[in-house]
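Biologist: Could you walk me through this structure? I am new to it and would like to take it one topic at a time.

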Amino acid sequence: MSNNDAINVTKDQIEAFNEKNWDKWLSLTADNCIYDEVATQNKIEGSEKIVEIMKAWKEAFPNVKGVINHATTDGKHATLQVTWIGKHTGPLQTPNGNIPPTGKEIQIRGCYIGEIENGKVKKCDNYFDMMTMMTQLGLAN
């Protein structure tokens with residue numbers, strides 16, 4: 001796999017999320033993919049289970065989009081610097097219950113790292129700035 005291929009698979013995964021195109025997202029993701037959402041300490045194995053987390057984010061922020069600012073790769077891993085932009089208009093699921101919609105906009109930066117094997121993402125680490133998000137939602141100072 002070329003460096004561009006590794007970046008394109010990971011970028012396409014973000015674009016599929018943006019479009020709520022879950023079939024496309026699954027086609028880019030290994031069935032036994034491991035997803036590690038560092039800010040929430042949510043670590044999930046299995047593409048179908050991971051899609052449920054993606055859908056929950058889209059329920060809380062229906063218009064959220066990942067804007068890719070920078071991409072780099074070593075051929076096996078693609079690292080994307082992403083700005084997540086959206087409006088909190090649905091319930092945000094947390095381990096302590098749902099946070100009702102605040103109607104506030106978020107714009108947070110993050111890093112999304114995809115490990116590619118056989119043309120699919122087999123592991124993804126998603127780092128994003130939870131404190132900035134909570135502050136923008138008015139839930140923290």
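Modeller: Let us begin with a term: a disulfide is counted here when two cysteine sulfur atoms lie within 2.5 Å. Please keep in mind as well that this is a predicted model.

Biologist: OK, how many disulfides does the structure hold?

Modeller: The structure holds zero disulfides.

Biologist: Why is there no bond between cysteine 124 and cysteine 33?

Modeller: The sulfur of cysteine 33 is the closest cysteine sulfur to that of cysteine 124, but the two are 3.8 Å apart, which is too far for a bond because a disulfide needs sulfur atoms within 2.5 Å.

Biologist: And what about cysteine 111, how far is its sulfur from the closest cysteine sulfur?

Modeller: For cysteine 111 the closest cysteine sulfur is that of cysteine 124, at 12 Å, so that pair is also too far for a bond.

Biologist: Are those two buried or partly exposed?

Modeller: Cysteine 124 is buried, with a relative accessible area of 0%, whereas cysteine 111 is partly exposed, with a relative accessible area of 25%.

Biologist: Switching topic, which residues have the most contacts inside the largest nonpolar core?

Modeller: That core has 33 residues, and those with the most contacts inside it are Trp25, Tyr35, Trp57, Phe61, Trp84, Leu92 and Met133. The elements that each give two or more residues to it are the helices α1 (3–19), α2 (22–27) and α3 (47–60), together with the strands β1 (29–37), β4 (77–87), β7 (105–117) and β8 (120–128).

Biologist: Which element gives the most?

Modeller: That is α3, which contributes six residues to this core.

Biologist: Let's pick out tryptophan 84, then: where is it found, and is it buried or exposed?

Modeller: Tryptophan 84 is found in strand β4, and it counts as buried because its relative accessibility is 10%, with buried meaning under 20%.

Biologist: What is tryptophan 84 in contact with?

Modeller: Leaving aside its neighbours within four places in sequence, tryptophan 84 is in contact with a set of residues including Ile14, Phe17, Val64, Ile106, Ile108 and Phe128.

Biologist: And tryptophan 25, what does that one contact?

Modeller: With neighbours within four places in sequence again left out, tryptophan 25 is in contact with Gln13, Ala16, Phe17, Ser47, Ile50, Val51 and Met54.

Biologist: Last topic: in which sense do β1 and β2 pair?

Modeller: Strand β2, residues 42–45, pairs with β1 in the antiparallel sense over four bridges, and asparagine 42 in β2 is the bridge partner of glutamate 37. The hairpin of these strands has four residues between them, and there glutamine 41 takes a positive phi near 60 degrees.

Terms used:
Residues are numbered from 1 along each chain as its sequence is written. This is a predicted model: local features need pLDDT of at least 70, side-chain atom pairs count only at pLDDT 80 or more; totals for chains, interfaces and linings use all residues. Side-chain values use heavy atoms; hydrogens and water are left out. A nonpolar core is a set of buried Ala, Val, Leu, Ile, Met, Phe, Trp, Tyr and Cys residues joined through side-chain atoms within 4.5 Å. Buried means under 20% relative accessible area, exposed over 50%, partly exposed in between (1.4 Å probe, protein chains only). Contact means heavy atoms within 4.5 Å. Two strands pair if DSSP finds at least two bridges between them.
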